[in-house]
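Ready for a few exercises in reading a fold? Have the coordinates open and try each task before you look at its solution.

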Amino acid sequence: MKWLARIAKGLALLFGAGVVFCAFLRWQGLLLFPQEAVPGAWEVFGVDVSSYQGEVNWSTLTEQGVRFAFCKATEGSGHVDPTFQQNWQNAQEAGVLIGAYHFFSYDSPGETQAENFIAQVPVTAGTLPPVVDVEFYGEHDQNPPSKEETWAILGPLLERLEEHYGVKPILYATYRSYKLYLVGETGDYPLWITRPIVGPMDKPWTFWQYSHSARLEGYVGKEERIDLNVFRGSFEELKGMTIPREHLSRGISS
């Protein structure tokens, strides 16, 4: 029966190592629970929303610790989120540091996607850089385009947005889209990585979306859940990423 004792001892050691590792991740702020709002390990907590959250009461969200948010503006070359303008205005009035994101399409040119976003999102001093959300949908989920095909669209889109808004766009990626398209290609673009619960320790992230299944007060839509995010830095550092006032002469200002 000595072999049983050895197995039990090995399992106990393995379990103990797992507990220690989880405790270390928790201490570092890299283990966050899905419903954990305003995690203590990080100074800056935020959300992202789209029409799925419906009507948003931004003052109620700020009361729950929300300091920044990204709201969906556009998708591809023609789609506009019907709640964007309301979210854009109301979030700023509530004192939330706001930014807008564009859902990237593999099916239309980057130039026309950029113009769709630019037509909806004014160049506004003190708002966060535009975000390009690179993930998969429809047939592209099973048959993702090549890296070359993707960057032939993504490259012009990023260049046009940077030219118009005067700041580097943020790249949002899943682990899969990061591996396929962004490894070695991100340059100075800030990264927003989505990974539930356990932080992206192997990536130079700036924003981490750690939950897709939280429920907060302050919105009424067909989706009861809301995404939770943290920023890797202080609130002053986050404000340092925003569109500078001197760039207002470029594009449509507000």
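Below are four exercises on this predicted model, each with a worked solution.

**Exercise 1. The chain as a whole**

Task: State how many helices and strands the chain has, and what percentage of its residues count as buried.

Solution: Start with the secondary structure, which comes to eight helices and eleven strands. Next, turn to accessibility: of the 254 residues, 50% count as buried. Finally, look at the contacts with a separation of 6 or more; residues 24 or more positions apart account for 70% of these.

**Exercise 2. A pair of helices**

Task: Describe how the axes of helix α6 (residues 147-165) and helix α7 (residues 175-182) are placed, and find the residues that make the contact.

Solution: Two packed helices are described by the angle between their axes and the distance between the axes. Here the axes of α6 and α7 come within 9 Å and cross at roughly 90 degrees. Angles of 65 to 115 degrees count as roughly perpendicular, and α6 and α7 are therefore roughly perpendicular to each other. On the α6 side, the contact is made by Lys-147, Thr-150, Trp-151 and Leu-154, while α7 brings Leu-180, Tyr-181 and Leu-182. Sorted by class, the contact of α6 with α7 has five nonpolar, one polar and one charged residues.

**Exercise 3. A residue in a loop**

Task: Is Leu-32 buried or exposed? Which residues does Leu-32 touch, leaving out those up to four places away in sequence?

Solution: First locate Leu-32, in the loop between α1 (2-27) and β1 (44-49). Buried means under 20% relative accessible area; Leu-32 has 2% relative accessibility, so Leu-32 counts as buried. Now list the residues Leu-32 touches: Arg-26, Pro-39, Trp-42, Ile-197, Trp-208, Tyr-210 and Val-230. As a last step, take Pro-196, which is 164 residues from Leu-32 along the chain; the C-alpha atoms of these two are separated by 8.1 Å.

**Exercise 4. Empty space**

Task: Find the volume and the lining of the largest pocket, then those of the largest cavity.

Solution: Begin with the largest pocket, which holds about 550 Å³ of space. Its lining has 22 residues, and Asp-48, Ser-50, Tyr-52, Tyr-101 and Asp-227 lie nearest the centre. The elements giving two or more residues to this lining are β1, β5 (97-103), β9 (207-214) and β11 (226-231). By class, the pocket lining has eight nonpolar, six polar and eight charged residues.

Then move to cavities. A search of the whole structure finds one of 30 Å³ or more, and the largest cavity contains about 40 Å³ of space. Among the residues lining the largest cavity are Trp-88, Phe-117, Tyr-165 and Ile-243. The class count for the cavity lining is ten nonpolar, two polar and no charged residues.

Key: Residues numbered from 1 in each chain as written. Predicted model: local features only at pLDDT ≥ 70, side-chain atom pairs only at ≥ 80, totals over all residues. Heavy atoms only, no water. Axes fitted to C-alpha atoms, helices over the stretch in contact; angles between N-to-C directions. Helix = DSSP H or I, 4+ residues; strand = E, 2+ residues; numbered from the N terminus. Parallel < 35°, antiparallel > 145°, perpendicular 65-115°, else oblique. Contact = heavy atoms within 4.5 Å. Nonpolar A, V, L, I, M, F, W, Y, C, P; charged D, E, K, R; others polar. 1 Å grid on protein atoms, 1.4 Å probe; cavity = no way out; pocket = protein on both sides within 12 Å on 5 of 7 lines; lining within 4 Å. Points joined across faces, edges and corners; volume = space filled by probe spheres on them. Buried < 20%, exposed > 50% of the residue type's maximum accessible area, 1.4 Å probe, protein only.
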